[in-house]
Amino acid sequence: CAAAGSFQEAGVIQQAYSLNFPLHTVPASCAQCPAWSAFSVSSPAIVLETVKQAGAGAEDRPDAVVVRLYEAHGSTVTAWLQTSLPVKEAMLCDLLERPAGQGRLPLEQQGLRLSFTPFRVLSVLLLLSH
């Protein structure tokens, strides 16, 4: 008996990440602590693959974070990246974490608007406020 629907509808990408990178629990100091997430993405087609401190030129930007995302469903999609971090500036960067030529990304109330073509990888350099 074959299952109906596509791998996108079944959430295969999310299930694979949950299996291969399980969450680890740590004791909390308070049972009523509010839920908190540093990042969220508005589309299930977009996978937030990496969050790391910027390496290239980090001595010039000690408060820089690189976020790497990719489109996993083979679709063209616009997605919003939201963060609770105090971002003062955002820009696309290359895989060596050098700013790309497009300039700054607008910081909007919904977050950062990112456009993806099928299987595209985007790296975003976030400069944080002190």
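In this predicted model, the side chains of Glu 97 and Lys 52 come together in a salt bridge, with N to O at 2.6 Å. The two partners sit in distant parts of the chain, 45 residues apart: Glu 97 belongs to the loop between β5 (87-93) and β6, while Lys 52 lies in strand β2. The same side chains also turn up as a polar contact, again at 2.6 Å. Their surroundings are not alike. Glu 97 has 7% relative accessibility and so counts as buried, the limit being under 20%. Lys 52, on the other hand, comes out at 31% and is therefore partly exposed.

That pair is one of 3 salt bridges in the structure. Another joins the side chains of Glu 89 and Arg 104, at 2.8 Å from N to O. Here too the link is between distant parts of the chain, with Glu 89 in strand β5 and Arg 104 in strand β6, 15 residues apart. Glu 89 still falls on the buried side, because its relative accessibility is 18%. Arg 104 is exposed, with a relative accessible area of 64%. Then there is the bridge between Arg 98 and Asp 94, whose closest N and O atoms are 2.8 Å apart. For this pair, Arg 98 is partly exposed at 46%, and Asp 94 likewise counts as partly exposed at 25%.

Several of these residues sit on or beside strands of one sheet, so the sheet is worth a look. How many strands form it, and in what order? There are 5 strands, arranged as β2-β3-β8-β5-β6, in an open sheet with antiparallel pairing. The edges are taken by β2 (46-53) and β6 (99-104), each of which pairs on one side only. Going from strand to neighbouring strand, the average turn is 30 degrees, direction ignored. Lys 52 is thus placed in an edge strand, β2, and Arg 104 in the other edge strand, β6.

At the β2 edge, the pairing partner is β3 (residues 64-71), which runs antiparallel to β2 and is joined to it by 7 bridges. Within that pairing, Val 47 stands opposite Tyr 70 of β3.

Strand β3 also holds Glu 71, an acidic residue with a rather different story. What is the nearest side chain of opposite charge to Glu 71, and how far away is it? The answer is Arg 120, at 10 Å, and Glu 71 is buried yet has no salt bridge. A salt bridge would need a side-chain nitrogen within 4 Å of a carboxyl oxygen, so Arg 120 at 10 Å does not qualify.

Glu 71 does find polar partners in the backbone. Its side chain reaches the backbone nitrogen of His 73 at 2.8 Å, and the backbone nitrogen of Gly 74 also at 2.8 Å. Leaving aside residues up to four places away in sequence, Glu 71 touches Ala 45, Ile 46 and Val 77, together with a run made up of Phe 116, Thr 117, Pro 118, Phe 119 and Arg 120. Ile 46 in that list falls within the span of edge strand β2 (46-53).

Put side by side, Glu 97 and Glu 71 are both buried, but Glu 97 meets Lys 52 in a salt bridge, whereas Glu 71 has none.

Definitions and conventions:
Residues are numbered from 1 along each chain as its sequence is written. This is a predicted model: local features need pLDDT of at least 70, side-chain atom pairs count only at pLDDT 80 or more; totals for chains, interfaces and linings use all residues. Side-chain values use heavy atoms; hydrogens and water are left out. Two strands pair if DSSP finds at least two bridges between them. Helices (H or I, at least four residues) and strands (E, at least two) are DSSP runs, numbered from the N terminus. Axes are lines fitted to C-alpha atoms, for helices over the stretch in contact, and angles run from 0 to 180 degrees between N-to-C directions. Buried means under 20% relative accessible area, exposed over 50%, partly exposed in between (1.4 Å probe, protein chains only). Lys and Arg count as positive and Asp and Glu as negative; His and the chain ends are not counted. A polar contact is a pair of N or O atoms within 3.5 Å; within protein, one must be able to donate a hydrogen and the other to accept it, and residues adjacent in sequence count only if both atoms are side-chain atoms. Contact means heavy atoms within 4.5 Å.
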